[in-house]
Amino acid sequence: QVQLVESGGGLVQPGGSLKLSCAASKILFSIYTMGWYRQAPGKQRELVARIQSGRSTNYADSVKGRFTISRDNVKKTVYLQMNSLKPEDTAVYYCNAKKERQDSVTDYWGQGTQVTVSS
């Protein structure tokens, strides 16, 4: 059974930093596009950042210049370094693994980790 396990969330003051990790098991990690999504109360889940198997990256405009996504294919782990955190970054952050082929999409999600930015 595929598992994505997030860690690293918590409470941080505005302007602070956190680093999220997502460890994957039982998937061929290196071929998956890995992403971080977040969902704040009363809002839809949104893409924060993603990194493709070739390591090209995409970021939401709201986090560009503050967040960095990276991956370690040996450890089967994807990271999200979050700097200069703002209260509006408060949300549950979810790890996603996606494999897209011409006629199919395979999608896995982690259980989520809470990030709270507050003084």
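The structure holds 5 salt bridges, and I should say at once that this is a predicted model. In general terms, side chains of opposite charge can pair when their charged atoms come close.

Let me take three of these contacts in turn. Glu 46 and Arg 38 meet through their side chains in a salt bridge, at 2.7 Å from N to O. Of these two partners, Arg 38 counts as buried, because its relative accessibility is 6%. Glu 46, in turn, counts as partly exposed, with 35% relative accessibility.

Next, Lys 64 is joined by a salt bridge to Asp 61, and their closest N and O atoms are 3.1 Å apart. Asp 61 is exposed, its relative accessible area being 64%.

The third example pairs Asp 107 with Lys 98, where the closest N and O atoms lie 3.2 Å apart. Asp 107 is partly exposed at 35% relative accessible area, and Lys 98 is partly exposed at 21%. Which residues are joined into one network by salt bridges that share partners? They are Arg 38, Glu 46, Arg 66 and Asp 89.

I turn now to the aromatic rings. A pair of such rings is described by the distance of the centres and the angle of the planes. The count here comes to 2 aromatic pairs. In one of them, Tyr 32 and Tyr 108 are tilted, with 6.2 Å from centre to centre and 45° between the planes. This pair links distant parts of the chain, 76 residues apart: Tyr 32 belongs to the loop between strand 3 and strand 4, and Tyr 108 to strand 10. Tyr 32 is buried, with a relative accessible area of 5%, whereas Tyr 108 is partly exposed, at 27%.

Tyr 37 and Trp 109 form an edge-to-face pair, 5.0 Å centre to centre, with 65° between the planes. Tyr 37 lies in strand 4 and Trp 109 in strand 10, so this pair ties together parts that are 72 residues apart in sequence. Tyr 37 is buried at 15% relative accessible area, while Trp 109 is partly exposed at 37%.

Charged groups also meet rings. The charged end of Arg 45 sits over the ring of Tyr 94, 3.8 Å from its centre. Likewise, Lys 19 places its charged end over the ring of Tyr 79, 4.7 Å from the ring centre.

Finally, the strands. Strand 3, residues 18-25, runs antiparallel to strand 1, residues 3-7, and 5 bridges join them. Within this pairing, Val 5 stands opposite Ala 23. Strand 3 is also joined to strand 8, residues 77-82, by 6 bridges, again antiparallel. There, Leu 20 has Leu 80 as its bridge partner.

Conventions:
Residues are numbered from 1 along each chain as its sequence is written. This is a predicted model: local features need pLDDT of at least 70, side-chain atom pairs count only at pLDDT 80 or more; totals for chains, interfaces and linings use all residues. Side-chain values use heavy atoms; hydrogens and water are left out. Two strands pair if DSSP finds at least two bridges between them. Helices (H or I, at least four residues) and strands (E, at least two) are DSSP runs, numbered from the N terminus. A salt bridge is a side-chain nitrogen of Lys or Arg within 4 Å of a carboxyl oxygen of Asp or Glu. Buried means under 20% relative accessible area, exposed over 50%, partly exposed in between (1.4 Å probe, protein chains only). Rings of Phe, Tyr and Trp (its six-membered ring) pair if their centres lie within 6.5 Å; planes under 30 degrees apart count as stacked, over 60 as edge-to-face and the rest as tilted. A charge sits over a ring if NZ of Lys or CZ of Arg is within 6 Å of the ring centre and within 35 degrees of the ring normal.
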